[in-house]
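Reader: I am new to this structure. Please walk me through it, one short question at a time.

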Amino acid sequence: MKLAISGTYSVGKTITTMAVSHLTGIPRSAALTMRELLPISVPGKTLEECTAPEIIMLIMRRNQVRAVNESHLPDGFVSDGSSLHEWCYGTVRVLVGINPNESAHVDSVEMTDEIRFYAGVLEQMGIPARQHAKAAYDAFVHLPIEFPLVKDGHRPVNERFRALADEMLLKVIDDLQIPVQIVGGSIPERLEKIMDIFGFTARMSIDEAIERAQQDYAKIDTTPETARVPATAQ
């Protein structure tokens, strides 16, 4: 099974993916985080300071790492996000602005020449993103927006961005005719539903899987991108 855990920012994709992996024994796959990519790609900048060309580069780089990681797991994986995510996030910026924080209360963003060119590039980038998703994932589990946005000083997004991205992700998955299940609730409720939907065999209790996922999550390095020593590029 090649399963993608879908959903926009702050819906619990990472902790859910970790827990599903522990519970089922299916390996977890994930792309490098933006915190990891930014020091390699645009040293000294935060995501909200990046230009449109830099955003495009980061999307390309993150999907490259994601595809390589998935290719190393031919027998199946549970993916934290998918090839559609970076592309959808980038595309929503056409509507809300390159830096969504600045346009939090703006109904429409001025369509400058830069935004038009950016939109055209993102439209073309959507072709391989969709083709990869169609070929790489057997099914999606989509986590709806149920939790408040985590304002961690890292993600330059607002609630409008989240809603638009959530809507776009579901539409694209539906257009691709990839099976998708919307699974909400608490982490234990999500895990119970996922196990039931896909008929997975549990390797441990749900409580133990969640405990292990929480331990994994606690190990994530949340050092701000501008304070990091750049890691080796991948």
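Author: First, a term: two strands pair if DSSP finds at least two bridges between them. Also note that this is a predicted model.

Reader: Which residue is the bridge partner of Leu-3 in E3?

Author: Leu-3 belongs to strand E1, which covers residues 2-6. E1 and E3 run parallel and are joined by 4 bridges. In E3, the partner of Leu-3 is Val-78.

Reader: Which residue of E3 does Ser-29 stand opposite?

Author: Strand E2 spans residues 28-29. E2 pairs with E3 in the parallel sense, over 2 bridges. Opposite Ser-29 in E3 stands Ser-79.

Reader: Are the residues on the two faces of E3 buried or exposed?

Author: Strand E3 runs through residues 77-80. One side carries Phe-77 and Ser-79, the other Val-78 and Asp-80. Both faces are covered, and these four residues are all buried.

Reader: How many helices and strands does the protein chain have?

Author: Read the elements from the N terminus on: β-α-β-α-α-β-α-α-β-α-β-α-α. The totals for the protein chain are 8 helices and 5 strands.

Reader: Which residues have the most contacts inside the largest nonpolar core?

Author: In soluble globular proteins, nonpolar side chains tend to be buried together. Here the largest nonpolar core has 42 residues. Helices H2, H3, H4, H5 and H6 each supply at least two of them. Those with the most contacts inside this core are Leu-84 and Tyr-118.

Reader: What does Tyr-118 touch, leaving out residues up to four places away in sequence?

Author: Among its contacts are Gly-90, Thr-91, Arg-93 and Val-94. The others are Ala-52, Ile-55, Ile-56 and Ile-98.

Reader: How many residues does the second, separate core have?

Author: This core includes Leu-3, Ile-5, Met-18 and Ala-19. Its residue count is 24.

Reader: Why is H2 largely enclosed, and which helix do its buried residues pack against?

Author: 7 of the 8 residues of H2 are buried, so the rest of the structure largely encloses this helix. Among the buried ones are Met-34, Leu-37, Leu-38 and Ile-40. The buried residues of H2 pack against H3.

Reader: What share of contacts joins residues at least 24 apart?

Author: Take contacts in the protein chain between residues at least 6 apart in sequence. The share joining residues at least 24 apart is 79%.

Reader: What share of the protein chain counts as buried?

Author: Buried means under 20% relative accessible area. The protein chain has 234 residues, and the share that counts as buried is 50%.

How values were computed
Residues are numbered from 1 along each chain as its sequence is written. This is a predicted model: local features need pLDDT of at least 70, side-chain atom pairs count only at pLDDT 80 or more; totals for chains, interfaces and linings use all residues. Side-chain values use heavy atoms; hydrogens and water are left out. A nonpolar core is a set of buried Ala, Val, Leu, Ile, Met, Phe, Trp, Tyr and Cys residues joined through side-chain atoms within 4.5 Å. Buried means under 20% relative accessible area, exposed over 50%, partly exposed in between (1.4 Å probe, protein chains only). Contact means heavy atoms within 4.5 Å.
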